[in-house]
Number of protein chains: 2
Amino acid sequence: MTLRESEDKRVVEVLAHLASSRHRITTARRHIVTALVGAGGHLTAEEVAAVVQAQDPSVHLATVYRTLEALERLGIVIHIHLGHGRAIYHLADSSHYHLYCQLCGSVQEIPQAELDNLFAVVANSYGFKPSLGHFAIIGTCGRCMERKGLNGLSSGGSSPESIA
Amino acid sequence: MTLRESEDKRVVEVLAHLASSRHRITTARRHIVTALVGAGGHLTAEEVAAVVQAQDPSVHLATVYRTLEALERLGIVIHIHLGHGRAIYHLADSSHYHLYCQLCGSVQEIPQAELDNLFAVVANSYGFKPSLGHFAIIGTCGRCMERKGLNGLSSGGSSPESIA
DNA sequence: ATGGGTGCAAAATTTTTGCATTACC
DNA sequence: GGTAATGCAAAAATTTTGCACCCAT
């Protein structure tokens with residue numbers, strides 16, 4: 001199966017999930033789901049809208065928000081809040097976490113398995129169930145650390161810029 | 001040393017840090033720092049403003065934002081983005097992470113030490129340096145899981161509400 | 001045909017900014 | 001006295017909502 005075919009299949013699956021939950025399949029929703037599946041990664045609502053509008057300019061940003069909200073209620077999509085105000089959306093089935101660089105805004109992915117013992121700790125000691133994927137680790141990426149001349153592997157706190 | 005005395009001491013320390021970084025000590029800033037230290041936990045900018053304005057109603061919300069921003073540049077304060085848009089602020093020296101319940105909005109703290117090996121993994125494998133404390137784990141707290149009748153300890157994905 | 005979905009525009013929310021004034025160092 | 005900081009109000013940025021119309025089922 002080519003990548004394209006597997007993406008198409010996923011789009012159909014998601015649309016079927018929508019339909020079976022008494023939601024209607026509209027052109028806007030088809031485009032939005034296709035954008036999410038095609039992106040593979042993370043998109044802001046505005047980025048989703050941009051991709052969709054390249055195909056069909058009539059789709060409104062408000063519709064994107066409403067569709068993302070509907071998909072999220074169904075557990076198909078997840079969003080996380082990163083830096084300043086804007087949230088990023090992605091499919092729930094890509095089980096990874098996000099390393100968000102607060103300096104350059106880049107998002108790196110880290111496979112869920114790497115952090116499995118984190119979840120064990122949190123779940124057992126705190127009775128708290130983390131949302132898979134709905135999770136961002138904020139910090140500084142390797143590139144930015146080099147750029148700033150920091151060593152980086154210390155686990156120390158934030159970098160004061162007192163005399164910036 | 002009583003709690004009150006130790007808080008006062010911390011306020012003085014923070015103000016000294018501000019002053020030594022060529023910032024001015026104003027009444028607004030004294031109130032804001034006192035509010036942050038006194039709260040011990042997490043406050044939104046608006047909550048900080050409310051505490052401050054109980055003492056001095058003339059302090060404007062914009063000043064709170066500007067002061068929090070200044071304190072953050074100095075590494076004294078950290079903010080994290082939780083649910084929808086609003087961020088919470090706290091002192092950087094309380095080394096803990098946040099378990100944010102997306103259902104009831106409660107925030108539980110988890111000591112940094114619990115997750116130290118997480119940081120080792122992230123730092124070593126990904127060259128990424130997480131910001132201590134600048135970190136929220138989003139999920140569902142024990143209380144809400146009982147309320148919803150979920151078992152909770154499965155590490156499974158998000159809870160679809162297809163037939164809500 | 002029925003009611004869920006859409007486009008549009010306006011409101012709501014949270015945070016930022018320009019500017020004249022105040023007050024800290 | 002010089003200038004950082006403030007208050008105010010207006011702008012920005014992101015997300016939500018009311019409403020009339022449209023279209024999937």
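**Protein surfaces at two DNA strands**

Of the DNA strand D atoms within 4 Å of the protein, 66% are sugar or phosphate atoms, and the rest belong to bases. The model is predicted. Strand D is surrounded by 21 residues. The closest are A:Tyr65, A:Arg86, B:Arg29, B:Ser58 and B:Thr63. By class, this surface has 7 nonpolar, 8 polar and 6 charged residues.

Polar contacts reach both backbone and bases of strand D. At a phosphate oxygen of strand D, an N or O atom in the side chain of B:Thr63 lies at 2.4 Å. B:Ser58 uses a backbone N or O atom, placed 2.8 Å from a phosphate oxygen of strand D. A:Arg66 faces a base instead: a polar side-chain atom of A:Arg66 is 3.2 Å from a base oxygen of strand D. The elements giving two or more residues to this surface are helix H4 (61-73) of chain A, and helices H2 (27-39) and H4 (61-73) of chain B. The largest share, 4 residues, comes from H4(A).

DNA strand C was examined in the same terms. Here, too, 21 residues surround the strand. The closest are A:Arg24, A:Arg29, A:Thr63, B:Tyr65 and B:Arg86. Of the strand C atoms within 4 Å of the protein, 66% belong to sugar or phosphate and the rest to bases. The nearby residues divide into 7 nonpolar, 8 polar and 6 charged.

On strand C, a phosphate oxygen lies 2.3 Å from a polar side-chain atom of A:Thr63. Two arginines contact bases of this strand. A polar side-chain atom of A:Arg66 is 3.0 Å from a base nitrogen of strand C. An N or O atom in the side chain of B:Arg24 is 3.1 Å from a base oxygen of strand C. A:Arg66 therefore has polar side-chain atoms within 3.5 Å of base atoms of both strands. H2 and H4 of chain A and H4 of chain B each supply at least two residues of the surface near strand C. H4(B) gives the most, with 4 residues.

H4(A) was then considered within its own chain. At 1.5 Å a residue, the 13 residues of H4(A) should span 18 Å, and the end C-alpha atoms are indeed 18 Å apart. Its buried residues are A:Val64, A:Thr67, A:Leu68, A:Ala70 and A:Leu71. Seen down the helix axis, these buried residues fall within an arc of 160 degrees, so they line one face of H4(A). An α-helix has 3.6 residues a turn, so residues three or four places apart point the same way. The buried residues of H4(A) pack against helices H1 (3-20), H2 (27-39) and H3 (45-55) and strands S2 (77-81) and S3 (87-91) of chain A. A:Gly75 follows H4(A) and has a positive phi, near 80 degrees.

Chain A as a whole has 6 helices and 6 strands. From the N terminus, its elements run α-α-β-α-α-β-β-β-β-α-β-α. Of its 164 residues, 46% count as buried. Among contacts in chain A with a separation of 6 or more, 48% involve residues 24 or more positions apart.

In chain B, B:Thr44 lies in strand S1 (residues 43-44). B:Thr44 counts as buried because its relative accessibility is 13%, under the 20% cut-off. Beyond its neighbours within four places in sequence, B:Thr44 is in contact with B:Arg86, B:Ala87, B:Ile88 and B:Tyr89. Among these partners, B:Arg86 is also one of the closest residues to DNA strand C.

Conventions
Residues are numbered from 1 along each chain as its sequence is written. Chains are lettered from A and ligands numbered from 1 in the order in which they are written. This is a predicted model: local features need pLDDT of at least 70, side-chain atom pairs count only at pLDDT 80 or more; totals for chains, interfaces and linings use all residues. Side-chain values use heavy atoms; hydrogens and water are left out. A residue is near a molecule or strand if one of its heavy atoms lies within 4 Å of it. A polar contact is a pair of N or O atoms within 3.5 Å; within protein, one must be able to donate a hydrogen and the other to accept it, and residues adjacent in sequence count only if both atoms are side-chain atoms. Ala, Val, Leu, Ile, Met, Phe, Trp, Tyr, Cys and Pro count as nonpolar, Asp, Glu, Lys and Arg as charged, and the others, Gly among them, as polar. The expected span of a helix is 1.5 Å times one less than its number of residues. Buried means under 20% relative accessible area, exposed over 50%, partly exposed in between (1.4 Å probe, protein chains only). The arc is that of the directions from the helix axis to the C-beta atoms. Contact means heavy atoms within 4.5 Å.
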